[in-house]
Amino acid sequence: MVEQDWLRERFAEHQSRLHAVAYRMLGSPTEAEDAVQEAWLRVSRAETGQVENPAGWLTTIVARVCLNMLEARRARREESAGALPPEPTASHPSTHPVGQATPEDETLLADSVGVALMVVLDTLTPAERLAFVLHDVFAVSFAEIGAIIDRSPAAARQLASRARRQVQGTADASDAARSAKREIVEAFLAAARGGDFTALLELLDPDAVAIEIRGADAVAAFFAGRAQAARLALVDGVPAAVWSHRGRPKAVITFIIHDEKITRIAIDTNPDRLHDFDIVYLSASDNERR
């Protein structure tokens, strides 16, 4: 009983840091919470007689949980698109009014690991991501990182270095592309709502694909006059559109853009994935990143 009390106190003492580690590793508040809960289950069953550094021990456990989650995510990841939901028959008040980000939203964005990481981290292997985040963000030693991923400190250092070069090499391009993409997505939504077929064609690549629809003409015809309730948003840090009903996201519309033309539009209506997305609604008139 005394040992359980000690564990509970140490876990509560370091819980904020553990959640921060999990959030930066996984990029999802929901998954981060799941990781911390799983870590507690492991901690509560562990022997603590040899624990000399509770903070490092708990960080190691959370990091291993996150590594498993990243590997599982990487194994199952594939894009999925569903049908566009029908337009609502009547408008309903949203939790976040159109064009207004809550203070919590702004704090989340301000506390994020940066635009480059939001874009680049998902391209890294789980081991690279772990090594980079733990070392560069949380100053965990390469010896400790190596123990987590069953590699030498030198190998952990190489993983972090490789990840760092990839992040640094794409940071400026990420910022520029992000700003341009937001403008294009915003223009697309405005044209769709207004039924401006010509404007939609100008934004679409001639071979654009949306769901199962192919060709700019067909895609423009499909979206013209639609998306009345879709709102500009950052979805996992990337400009997109979100269709909500009574304040709950029902569909996320993502865009692939090449040479300033939309080449593909995907619509995700999977409730489980929608629940895990980090969604921040943006003002259509606000041209600065919150």
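Me: Before the helix pairs, how are axes and angles defined here?
Reply: Axes are lines fitted to C-alpha atoms, for helices over the stretch in contact, and angles run from 0 to 180 degrees between N-to-C directions. The model is a predicted one. In it, α2 and α3 pack at about 125°, and their axes are 9 Å apart.

Me: Why are α2 and α3 called oblique to each other?
Reply: Set the angle of about 125° against the cut-offs. Roughly perpendicular covers 65 to 115 degrees, and roughly antiparallel starts over 145. The angle falls in neither range, so α2 and α3 are oblique. Their crossing is right-handed.

Me: Which residues of α2 meet α3?
Reply: On the α2 side they are Glu 31, Ala 35, Glu 38, Ala 39, Arg 42 and Val 43. Their partners in α3 include Trp 57, Leu 58, Ile 61 and Arg 73. By class, this contact of α2 with α3 has 10 nonpolar, one polar and six charged residues.

Me: What makes α3 oblique to α7?
Reply: These two helices pack at about 45°, with axes 10 Å apart. Roughly parallel needs an angle under 35 degrees, and roughly perpendicular runs from 65 to 115. The angle of α3 to α7 fits neither, and therefore the pair is oblique. The crossing of α3 and α7 is right-handed. Gly 56, Thr 60, Ala 63, Arg 64 and Leu 67 of α3 touch Glu 144, Ala 147, Ile 148 and Ile 149 of α7. That contact divides into five nonpolar, two polar and two charged residues.

Me: Which residues have the most contacts inside the largest nonpolar core?
Reply: They are Met 25, Leu 130, Leu 134, Ile 145 and Ile 149, in a core of 42 residues. Helices α1, α2, α3, α6, α7 and α8 each supply at least two of its residues. α3 gives the most, with nine. Another core lies apart from this one, with 29 residues, among them Leu 189, Val 219, Ile 253 and Phe 255.

Me: What makes Val 21 a contact of Leu 134?
Reply: Contact means heavy atoms within 4.5 Å. Val 21 is on the list for Leu 134, which leaves aside neighbours within four places in sequence. Ala 63, Ala 139, Val 140, Ile 145 and Ile 148 are on that list too.

Me: Why does Ala 218 count as partly exposed?
Reply: Ala 218 has 33% relative accessibility. Buried would need under 20%, and exposed over 50%. The value lies in between, so Ala 218 is partly exposed. This residue sits in helix α10, residues 216-223. Its C-alpha atom is 9.0 Å from that of Ala 208, 10 residues away along the chain.

How values were computed:
Residues numbered from 1 in each chain as written. Predicted model: local features only at pLDDT ≥ 70, side-chain atom pairs only at ≥ 80, totals over all residues. Heavy atoms only, no water. Core = buried A, V, L, I, M, F, W, Y, C linked by side-chain atoms within 4.5 Å. Buried < 20%, exposed > 50% of the residue type's maximum accessible area, 1.4 Å probe, protein only. Helix = DSSP H or I, 4+ residues; strand = E, 2+ residues; numbered from the N terminus. Left-handed = near helix turned anticlockwise from the far one by under 90°. Nonpolar A, V, L, I, M, F, W, Y, C, P; charged D, E, K, R; others polar.
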